[in-house]
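Please look over the sequence and the model shown below before reading on. The text that accompanies them deals with helix packing and with empty space.

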Amino acid sequence: MDINIRKIDENDYKYINKWWLESDLPIPEFRFLPENGLGGLIVEKEKPIAAVYIYTTNSKLGYIDFLIADPNYREKDRYDIIIELFKTCTQEAFNIGCESVWAQSSIEGVTKRAKEIGWTTWGKPQTIITYKK
């Protein structure tokens, strides 16, 4: 899979905001996003496909939220690319000192693949969690 995962920059919002609108979801305000909207990762193939944000606290726990993907990207590798983004996001959180990372999703494909890569899941919406090994 030939993808690039990198930090979100201001120019990415021409894609990210469009995805929120096309998904009929409200655009999160920058003040509610880590690092004023720049505290996340974006994955791209020939163009950006999905983005997610990493929240950290003064504890050893990280939180992944506001996952958004291009609703028009429907290739067979869609979920695999999103899982790679999740894995990279998780590793970034571990690299900065987190010992556990959690998220929530009501998207069955995401929770199914999270289980496949070793995350623990429970509840509805599914809470998914992993620990630094």
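What follows takes up one pair of helices, then the pockets, and finally a cavity.

The structure is a predicted model, and a suitable place to begin is the pairing of helix α2, which spans residues 78–95, with helix α3, which spans residues 108–116. Two packed helices are described by the angle between their axes and the distance between the axes. Here the axes come within 10 Å and cross at roughly 60 degrees, which means that α2 is oblique to α3. The crossing of these two helices is right-handed. On the α2 side the contact is made by Tyr79, Asp80 and Ile83, while α3 contributes Gly109, Val110, Arg113 and Ala114. Taken by class, the residues of this contact divide into four nonpolar, one polar and two charged.

From the packing one can turn to the open spaces, beginning with the largest pocket, which holds about 490 Å³. Its lining consists of 23 residues, and those that lie nearest its centre are Leu67, Ile68, Ser105, Ile107 and Val110; Val110 is also one of the α3 residues in the contact with α2. The elements that give two or more residues to this lining are β4 (61–69), α2 and β5 (100–105), and β4 gives the most, with six residues. The lining of the largest pocket comprises 16 nonpolar, four polar and three charged residues.

The second largest pocket, with a volume of about 180 Å³, again involves α2, which together with β7 (126–131) makes up the elements that give two or more residues to its lining. The residues that line this second pocket are Lys87, Thr90, Gln91, Phe94, Ile117, Trp119, Thr130, Tyr131, Lys132 and Lys133, and α2 gives the most of them, with four residues. By class, four of the lining residues are nonpolar, three are polar and three are charged.

There remains the question of enclosed space: how many cavities of 30 Å³ or more does a search of the whole structure find? The search finds one, and the volume of the largest cavity is about 30 Å³. This cavity is lined by Tyr13, Ile16, Asn17, Trp20, Ile27, Pro28, Phe30, Leu33 and Tyr53, with helix α1 (residues 13–22) supplying the largest share, four residues. The lining of the cavity has eight nonpolar residues, one polar residue and no charged residues.

Methods: Residues numbered from 1 in each chain as written. Predicted model: local features only at pLDDT ≥ 70, side-chain atom pairs only at ≥ 80, totals over all residues. Heavy atoms only, no water. Axes fitted to C-alpha atoms, helices over the stretch in contact; angles between N-to-C directions. Parallel < 35°, antiparallel > 145°, perpendicular 65-115°, else oblique. Left-handed = near helix turned anticlockwise from the far one by under 90°. Contact = heavy atoms within 4.5 Å. Nonpolar A, V, L, I, M, F, W, Y, C, P; charged D, E, K, R; others polar. 1 Å grid on protein atoms, 1.4 Å probe; cavity = no way out; pocket = protein on both sides within 12 Å on 5 of 7 lines; lining within 4 Å. Points joined across faces, edges and corners; volume = space filled by probe spheres on them.
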